[in-house]
Amino acid sequence: MYRTHNNNTLNLKNLGEKVKLSGWAQTIRDKGFIIWIDIRDRYGMTQLVFDAERTPEAVVKKAREIGREFVIQIEGEVIERESKNKNIPTGEIEILVEDLQILNSSKTPPFTIEDETDGGEDLRMKYRYLDLRRSPVKNKLLFRSKVSMAIRNYLSQKDFVDVETPYLIKSTPEGARDFVVPSRMNEGQFYALPQSPQTFKQLLMVGGLDKYFQIVKCFRDEDLRADRQPEFTQIDCEMSFVDQEEILDTFEGLTKHLLKEINGVEIEKFPRMTYADAMCKYGNDKPDIRFGMEFGELNEVTQHKEFKVFNEAELVVGIAIPGGASYSRKEIDKLIDWIRRPQVGAKGMVYVKCNDDGSFKSSVDKFYDQDDLKAWAEKTGAKPGDLIAVLSGNKNETRAQLSALRMEMATRLGLRKADEFAPLWIVDFPLLEWDEDSKRFHAMHHPFTSPKTEDIDKLKSNPGEVRANAYDLVLNGNEIGGGSIRIHDKETQSKMFDYLGFSEEEARAQFGFLMDAFEYGAPPHGGIAFGLDRLVAILGGQESIRDFIAFPKNNSGRDIMIDAPAQLSTDQLKELNIEVKLSLD
Ligand code: ASP
């Protein structure tokens, strides 16, 4: 037996007991006649004491061989500590060691294994197994496990069955590139790793499973924007014989359950907002509604004067920045520099200071009088003391730029509080999205999403206006889930492929199996998928998903610990019948 207790349990109630403990040596303090060692495991830490007067000499001698991160096992007696540490459960006792085994030695770790470490990101990624020993990282994995368990419990209770779907499949269109795997047995052919189990979960509904869920890895070969992973985890769900309302209700229930179980937060009802409203009020389809700063559209109250920039703009729109009237000229210039950075891309910014006495001072006083500016303040909800920031230009770009400014200012002003939770549903997404590069419409969600019945007629005449039975769940400015009611008849599905520019042969080759299945009595169905990594991070009050994943990849999609991806050996390539030609340009 390696241990009688873990390193987080012993306290004054155990005084006098003989115990065995195992773990890693965290800190070693050798005062000559007395040596203290903190022994650590997943559960916590216990202080060991080797006392020359009371511990056998051979044991004290062996204790001097222990280095940081050695794996040790001790036997000893629980005694009361002199200088107590009330911050940890074992802080009032220590173990007077009587016997010691060194179970394994350790090289000196390349960084300190403490809550605050001296290791840089790369080093910690290379030695991830050491980083995992640090409480902040370990605790995030424990937290994730707790969230997963709560999800499984909730869904199982609601009759969802956990079904595994294959990883070696054919492309699923979720808008990213596929990761592909060559098939040795089928020369020249490749599997694609699932971007999601979308088609399989729909087939499970045709198969009569009725309610499905899976906590599943998905793979998308995208350029890694900050804090994305090429492989990530979804809570993937599908239900039969449901309408949109029942799906929203079920998964609002799941989210409420998590907020309550994990965060102790109770939320009555999640608000709902149409996509159109979200874009208009927040310039964003995943608005953070923990704070206001709603957009005020100003075309009506700005385009009657000689100011050409506004008169020629498709959209003039502003927000009120709380307390911004006190910004100095220099601070405002800095803000303008910020929104002109290529990442945001605005050309410039007009601003209005709303003075405490009710008057206004703007950067366009030449064109607009106090009454004009008062109208702007009304539209943006600006109060005395605020700064109105106004952007103009093409509608979509301007909204995106102002949304970036809104989020940045909220962060700077401390309005995005990690312990506050503001979920909301975004509904009525457009079915199709215009793509400038290919000059055609693409499915905004994916090609299996059903259009709203009342909009079907517009598919030919005004495709951009057709709304979908699609919804996203947003939490604190992040899309944490999204899904749709699916098309479940062959005719509509093939019409949809046609609109999306798939030839009949292409549609047949890629999705023939689904169309075939739809000919055998597919029930009406719909579903949703949550991004588990992000959801866990938000519930944990963190911005980054990285430490909630045991073995994450870096920003170039590399696992620098195992050094992947890597080249294949010539033998492997031969076996796969693959030749690698690296283009050197
Ligand atoms: N498969 C979709 C996704 O991964 C979610 C869904 O429609 O259920 O985003």
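In this predicted model, 14 residues surround the ligand, a residue being near a molecule or strand if one of its heavy atoms lies within 4 Å of it. The closest are Glu174, Gln198, Lys201, His445 and Arg486. Local features need pLDDT of at least 70 and side-chain atom pairs count only at pLDDT 80 or more, while totals for chains, interfaces and linings use all residues. Residues are numbered from 1 along each chain as its sequence is written, and side-chain values use heavy atoms, with hydrogens and water left out.

Three side chains place polar atoms by oxygen atoms of the ligand. A polar contact is a pair of N or O atoms within 3.5 Å; within protein, one must be able to donate a hydrogen and the other to accept it, and residues adjacent in sequence count only if both atoms are side-chain atoms. For Lys201, a polar side-chain atom lies 2.6 Å from a ligand oxygen. For His445, the distance is 2.8 Å. An N or O atom in the side chain of Arg486 is also 2.8 Å from an oxygen atom of the ligand. On its own, the ligand has 270 Å² of accessible area, and the protein covers 93% of that area (Shrake-Rupley method, 1.4 Å probe; for residues, only the protein chains shown count as cover).

Helix H5 (198-206), strand E21 (478-485) and strand E22 (525-531) each supply at least two residues of the shell. Helices (H or I, at least four residues) and strands (E, at least two) are DSSP runs, numbered from the N terminus. E22 gives the largest share, three residues. By class, the shell has two nonpolar, eight polar and four charged residues. Here Ala, Val, Leu, Ile, Met, Phe, Trp, Tyr, Cys and Pro count as nonpolar, Asp, Glu, Lys and Arg as charged, and the others, Gly among them, as polar.

E21 and E22 also belong to an open sheet of eight strands, ordered E6-E9-E10-E22-E21-E20-E17-E11, with mixed pairing. Strand E6 (161-162) and strand E11 (272-274) are at the edges; each has a single partner strand, so one side of each lacks a neighbour in the sheet. Two strands pair if DSSP finds at least two bridges between them. E21 and E22 pair in the antiparallel sense over five bridges. Gly526 in E22 is the bridge partner of Ile485.

A further open sheet has five strands in the order E12-E13-E16-E14-E15, with antiparallel pairing. Its edges are strand E12 (296-297) and strand E15 (360-362), each with a single partner strand, so one side of each has no neighbour in the sheet. Strand E14 (residues 350-354) pairs with E15 over three bridges. Lys353 stands opposite Lys361 in E15.

Two loops carry backbone features. The peptide bond from Ala564 to Pro565 is cis, with omega near 5°. Pro565 sits in the loop between helix H16 (532-539) and helix H17 (570-576). Phe241, a residue other than glycine, has a positive phi near 55°. Phe241 lies in the loop between strand E10 (231-240) and helix H6 (244-263).
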